[in-house]
Amino acid sequence: MPTEVITFHRMLEGCIRNEFKFWQFFTSAYAALAQHLIQKHFGSFKIDTEPLLREIFESINENDNFFLKEFSGSSEREFLIYFREKVFATARKHLTGEGEQSVLEIETLNRLFQNVLLAHQEVAWLVMKSYEDGEINKILRVPLSLVQTGRNEVLKKHAQVFGHHDSNLFRLKDRVLQQIETQRGPNCTGIKIISDVVDGRIAWRDKTNIENHLSQCLYCLNRETALKEAIFYLRELSPLPAEVHQSLLKNIKLGNQKEPIKSSLLARVMKVFK
Ligand SMILES: [Zn+2]
């Protein structure tokens with residue numbers, strides 16, 4: 001039996017029509033990514049993942065798939081960031097205070113990253129999100145040596161700027177991150193263009209301008225690394241176990257769960273009765 005290819009756009013439309021097959025595909029493609037993001041970014045909060053995953057997909061489905069209908073982008077890359085925002089917003093509803101070990105305020109970050117290569121900033125940003133070197137090189141698709149250099153450069157810079165080494169250097173508070181997420185400026189780049197830069201589908205002059213901006217803007221640095229992270233894990237992670245999917249889909253309001261009607265005559269008849 002040939003396998004059916006479900007493109008992103010078909011998936012989105014199918015989910016909006018509440019077709020079981022597409023919701024199944026959606027959860028199987030995206031639930032593992034959502035779980036990973038929760039564990040990676042909110043792991044220290046000891047949140048129970050499965051109820052949270054259910055909440056995410058149910059809230060996507062609620063009000064007649066309002067969240068999906070509201071998506072204004074045109075590519076899966078944009079949807080990845082849109083979906084990620086949903087995951088973060090849902091997880092944050094359950095957060096209850098976090099430890100005070102972090103010293104990284106926005107001011108500090110800006111000074112730390114001043115005149116540091118974008119490639120090194122990307123590394124430092126993912127280190128702050130508690131990724132290991134061996135994960136970072138895959139997410140950023142760079143050699144391991146560049147990851148090590150990036151980490152060392154930022155540590156060195158920290159010692160220069162603040163006169164001492166700080167073991168909490170790479171701890172970023174969610175409170176600070178939430179602040180950064182609101183700091184979109186007039187020159188900030190949309191995900192579609194960032195995505196073109198990631199894929200190398202952009203003229204070098206534009207690329208240089210955008211990379212210059214990224215290296216001076218925490219809002220965009222965060223979005224750019226988030227996109228690379230989501231692209232990598234969407235491809236890399238296996239779907240969650242079948243029983244998890246069943247539980248995710250349990251409360252999704254579905255329309256037609258049967259195979260679509262094949263006969264064109266019947267389809268025409270159905271149309272008349274609509
Ligand atoms: Zn920006």
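Which protein donors does the zinc ion have? The legends below answer this from a predicted model.

**View 1. Donor atoms around the zinc ion.** Cys188 (SG), His213 (NE2), Cys217 (SG) and Cys220 (SG) are the protein donors, at 2.0 to 2.3 Å from the metal. The angles among the four donor atoms run from 99 to 114°, and the site is tetrahedral. Ideal angles for four tetrahedral donors are 109.5 degrees.

**View 2. Placement of the zinc donors along the chain.** The donor residues follow the spacing C-x24-H-x3-C-x2-C. Two of them, Cys188 and Cys217, link distant parts of the chain and stand 29 residues apart. Cys188 sits in the loop between α9 (174–181) and α10 (191–199), while Cys217 sits in the loop between α11 (204–214) and α12 (218–236). Cys188 and Cys217 are both buried.

**View 3. Helix α12, residues 218–236.** From first C-alpha to last, the 19 residues of α12 reach 26 Å. That is close to the 27 Å expected at 1.5 Å a residue. Most of α12 is covered, with 16 of its 19 residues buried.

**View 4. The protein chain around the site, with 14 helices and zero strands.** Every element in the run from the N terminus is α. Of the 274 residues in the chain, 46% count as buried. Among contacts with a separation of 6 or more, 75% come from residues 24 or more positions apart. The accessible surface of the chain is about 15,100 Å², and carbon and sulfur atoms hold 51% of that surface.

How values were computed: Residues numbered from 1 in each chain as written. Predicted model: local features only at pLDDT ≥ 70, side-chain atom pairs only at ≥ 80, totals over all residues. Heavy atoms only, no water. Donors = N, O, S within 2.8 Å, 3.2 Å for Na, K, Ca; no water. Tetrahedral: all angles 85-135°; square planar, octahedral: opposite > 155°, others 65-115°. Helix = DSSP H or I, 4+ residues; strand = E, 2+ residues; numbered from the N terminus. Buried < 20%, exposed > 50% of the residue type's maximum accessible area, 1.4 Å probe, protein only. Expected span 1.5 Å × (residues − 1). Contact = heavy atoms within 4.5 Å. Areas by Shrake-Rupley, 256 points an atom, 1.4 Å probe, with all protein chains shown as cover.
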